[in-house]
Amino acid sequence: MFLPSATIGWMIYATTGSQSGYYAGLILVLMVLAVVLDWTFWQSLICVALVLLLYSAACVFSPAGFDARNFISNCFFLVSSGIAIVAGTYYHSRVRVSEFISRCELDKSSKALAESLQQLKENEIQLVQSEKLASLGRMSAGIIHEINNPLNFATTGLFTLRKKSKHVAADQQADYDEVLGDVEKGLKRVQTIVSDLRVFTHPDSDLPESVDVAEAVNASLRFLTTEWKDKVRIENKIPAGQIAQTNRNKLVHIVVNLVQNSLDALRRKKFEGGEEPVIRIEGRLEGGKSIIVVRDNGTGIEQKNMAKIFDPFFTTKDVGEGMGLGLSICHRIVRSYGGHIQVTSEAGRFCEFTLDFPEQRARNTESVGGVPPVPVAKAIVTSNVS
């Protein structure tokens, strides 16, 4: 901007001074300032003042002499143009600021709308999942009732057979007792599974309670027995007596989801060099927290997917193998009971989920309806690359 103004000022100085018509070039320079350059009010004002000062100097010091009448006339046009340009720049700046504020507000509204839509989507997912679980509970209750009747008949018959064992020949007594023992073990196993299903499908409140972590993990593993038995080595290291403040059914739900994901990852990996598929479940009490760790040596999670694993409907499985809701639901459940869920993984080597729940019920007396408030926790996603 200064270079063309200085050039025109030199032309005025070198020709006829205040009588030169080149002053119109300075008006063109000011017009370019107003139309092309996106300057602020103060920048425009300074530029107009410098142009006027440059023209005045060129006229006063020109060898052709100084004509006051022409100088005043030309200055009138320059000053009028400058005032119009400065005023236009001022209003244009206000319009730009107003547009910027409007865009910021629009961005905020768009983000709020996106968050609301995401929340509605998650709530819809939870409602659908709750409805599915409710339907499954009603169906399971009927199945459990139907299973219990033949179980009772079989248990009564087994008791009768035990009493009749004295009539069995001595050389057959050992085989007879062994067969009855196997039948009794099988019946007890079925009764345990039925009992687990009854507890899991029983409608209860979502209030936190003191949950025996070892018992909940054992029940979760029993539900998945057919998927890991003789295929994957399970190392269950949950200590006896470990308590977590959560909901038993919800904890079983979480562990089932995590172990199921581990089983899927182990199935996709080809083990070589004597390595075998292993799922390790550990527990400990630390700093007032009840910690549960589920680790597998499967395919792990790629770094690019680490930040998205808790998003609803995100999945790396093939079509028909999952909807991508498991980890999203686990995250929501853990968070609702004041817990955290942390993921550490290295692609091709391992994946480890760490859950922590309060060991004891919070003492916060501020409550709604007598129920202590549950703090909101965040999911922590990390990676471990060696």
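The legends below describe several close-up views of a predicted model.

**View 1. The whole chain of the predicted model, shown for orientation.** The protein has nine helices and eight strands, and of its 386 residues 34% are buried. Its accessible surface amounts to about 23200 Å², of which carbon and sulfur atoms supply 60%. Among the contacts with a separation of 6 or more, 73% are between residues 24 or more positions apart.

**View 2. A nonpolar patch on the surface, to which Y13 of helix α1 belongs.** The patch is formed by W10, Y13, V60, F61 and F66, which together have about 580 Å² of accessible area. Helix α1 spans residues 2–14 and contains Y13, a residue that counts as partly exposed because its relative accessible area is 34%, in between the limits of 20% for buried and 50% for exposed.

**View 3. The loop between α3 and α4, where G65 is found.** Helix α3 covers residues 41–60 and helix α4 covers residues 68–163, with G65 in the loop that lies between these two elements. The relative accessibility of G65 is 29%, and G65 is therefore classed as partly exposed. Once neighbours within four places in sequence are left aside, the contacts of G65 are with S18 and C59. Although G65 and Y13 are 52 residues apart in sequence, the distance between their C-alpha atoms is 9.6 Å.

**View 4. Strand β4 with its pairing partners β2 and β5.** Strand β2 (residues 233–237) pairs with strand β4 (residues 278–286) in the parallel sense, over five bridges, whereas β4 and strand β5 (residues 289–296) run antiparallel and are joined by eight bridges. E282 of β4 can be followed across both pairings, since E282 is the bridge partner of K237 and has V293 as its own bridge partner in β5. The strands β4 and β5 form a hairpin with two residues between them, and in the turn G287 has a positive phi of about 60°.

**View 5. The largest nonpolar core, which has 40 residues.** Within this core, the residues that touch the most other members are I279, I281, F353 and F357. Two or more residues are given to the core by each of the helices α6 (213–223), α8 (248–268) and α9 (326–336), and by each of the strands β4, β5, β6 (340–346) and β7 (350–358). The element that gives the most is α8, with eight residues. For F353, leaving aside neighbours within four places in sequence, the contacts are L258, I292, V293, V294, I309, F310, L327, I341, Q342 and V343. A second core, separate from this one, has 17 residues, including V51, Y55, I85 and V86.

**View 6. Helix α9, largely enclosed by the rest of the structure.** This description of α9 rests on burial, because eight of its 11 residues are buried. The buried residues in α9 are L327, S328, I329, C330, H331, R332, I333 and V334, and L327 is also one of the residues in contact with F353. Just after α9, G338 takes a positive phi of about 75°.

Methods
Residues numbered from 1 in each chain as written. Predicted model: local features only at pLDDT ≥ 70, side-chain atom pairs only at ≥ 80, totals over all residues. Heavy atoms only, no water. Patch = residues over 30% accessible without salt bridge, like charges linked within 9 Å, V, L, I, M, F, W, Y side chains within 5 Å. Areas by Shrake-Rupley, 256 points an atom, 1.4 Å probe, with all protein chains shown as cover. Salt bridge = Lys/Arg side-chain N within 4 Å of Asp/Glu carboxyl O. Helix = DSSP H or I, 4+ residues; strand = E, 2+ residues; numbered from the N terminus. Buried < 20%, exposed > 50% of the residue type's maximum accessible area, 1.4 Å probe, protein only. Pairing = 2+ DSSP bridges. Core = buried A, V, L, I, M, F, W, Y, C linked by side-chain atoms within 4.5 Å. Contact = heavy atoms within 4.5 Å.
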